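Please walk through the model below with its overall layout in mind before turning to single residues. The account starts at one side chain and works outward.

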Amino acid sequence: LGQANLPQLKVDLLRHKLACGDRLLLCTDGVHDLLPDADIAKCLSDEIDDVNAAKRLQNAVLATTASDNFSFILLSAEPFIFGRWLKSIFVKIDNND
């Protein structure tokens, strides 16, 4: 973003039915370049509470040698609102400030 000559954007589309309690993580390279997939999955699966899971992931990234900023959105399918809304938790940390 912010560049005059951006390459053609390739979008991968996937369909997956969510079950109550499933989580989706949308994150920048500041997360997925620093943590192996298994570590990310462990952060999110070891915590029942969404806020605690997000904090655990945040702390895992901060414990690395992160020199870039990172952002992520954690989406959780909630049983009482499933099918209509997803609860989301957004965390943005900028290590450059």
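In this predicted model, the side chain of S76 makes a polar contact with the side chain of D50, at 3.2 Å. S76 belongs to strand β2, which spans residues 70-76. Its relative accessible area is 3%, so S76 is buried, the cut-off for that class being under 20%. The surroundings of S76 also include a part of the chain remote in sequence: A19 lies 57 residues away along the chain, yet the C-alpha atoms of S76 and A19 are 9.7 Å apart.

From S76 the view can widen to the strand that holds it. Strand β2 is mostly covered, with six of its seven residues buried. Its pairing partner is strand β1, residues 23-27, and the two run antiparallel, joined over five bridges. One of the bridge pairs can be located by residue: L24 has L75 of β2 as its partner.

These strands sit within a chain whose secondary structure amounts to three helices and three strands. Read from the N terminus, the order of elements is β-α-α-α-β-β. The chain has 97 residues, and 26% of them count as buried. Among contacts with a separation of 6 or more, 59% join residues that are 24 or more positions apart. The exposed area of the chain is about 7400 Å², of which carbon and sulfur atoms supply 55%.

Next comes the interior. In soluble globular proteins, nonpolar side chains tend to be buried together. Here the largest nonpolar core has 13 residues, and the members that touch the most other members are V31, I40, L44, L57, V61 and F72. At least two residues of this core come from each of α2 (37-45), α3 (50-62) and β2. The element that gives the most is α3, with four residues.

I40 serves as a closer view of that core. This residue is found in helix α2, and because its relative accessible area is 8%, under the 20% limit, I40 counts as buried. Which residues does I40 touch, once those up to four places away in sequence are set aside? They are L25, V31, H32, L35 and L57. Of these, V31 and L57 are also listed among the core members with the most contacts to other members. A further spatial relation links I40 to A60: the two are 20 residues apart along the chain, and their C-alpha atoms are separated by 8.4 Å.

The loop between α2 and α3 contains E47. With a relative accessible area of 25%, E47 is partly exposed, because this value falls between the 20% and 50% limits. Leaving aside neighbours within four places in sequence, E47 is in contact with R23, N52, A53 and R56.

The cysteines are a last point. A disulfide is a covalent bond between the sulfur atoms of two cysteines. How many disulfides does a search of the whole structure find? The count is zero. As for the setting of two cysteines, C27 is partly exposed, at 27% relative accessibility, whereas C43 is buried, with a relative accessible area of 6%.

Methods: Residues are numbered from 1 along each chain as its sequence is written. This is a predicted model: local features need pLDDT of at least 70, side-chain atom pairs count only at pLDDT 80 or more; totals for chains, interfaces and linings use all residues. Side-chain values use heavy atoms; hydrogens and water are left out. Buried means under 20% relative accessible area, exposed over 50%, partly exposed in between (1.4 Å probe, protein chains only). A polar contact is a pair of N or O atoms within 3.5 Å; within protein, one must be able to donate a hydrogen and the other to accept it, and residues adjacent in sequence count only if both atoms are side-chain atoms. A disulfide is a pair of cysteine sulfur atoms within 2.5 Å. A nonpolar core is a set of buried Ala, Val, Leu, Ile, Met, Phe, Trp, Tyr and Cys residues joined through side-chain atoms within 4.5 Å. Contact means heavy atoms within 4.5 Å. Accessible areas come from the Shrake-Rupley method with a 1.4 Å probe; for residues, only the protein chains shown count as cover. Two strands pair if DSSP finds at least two bridges between them.
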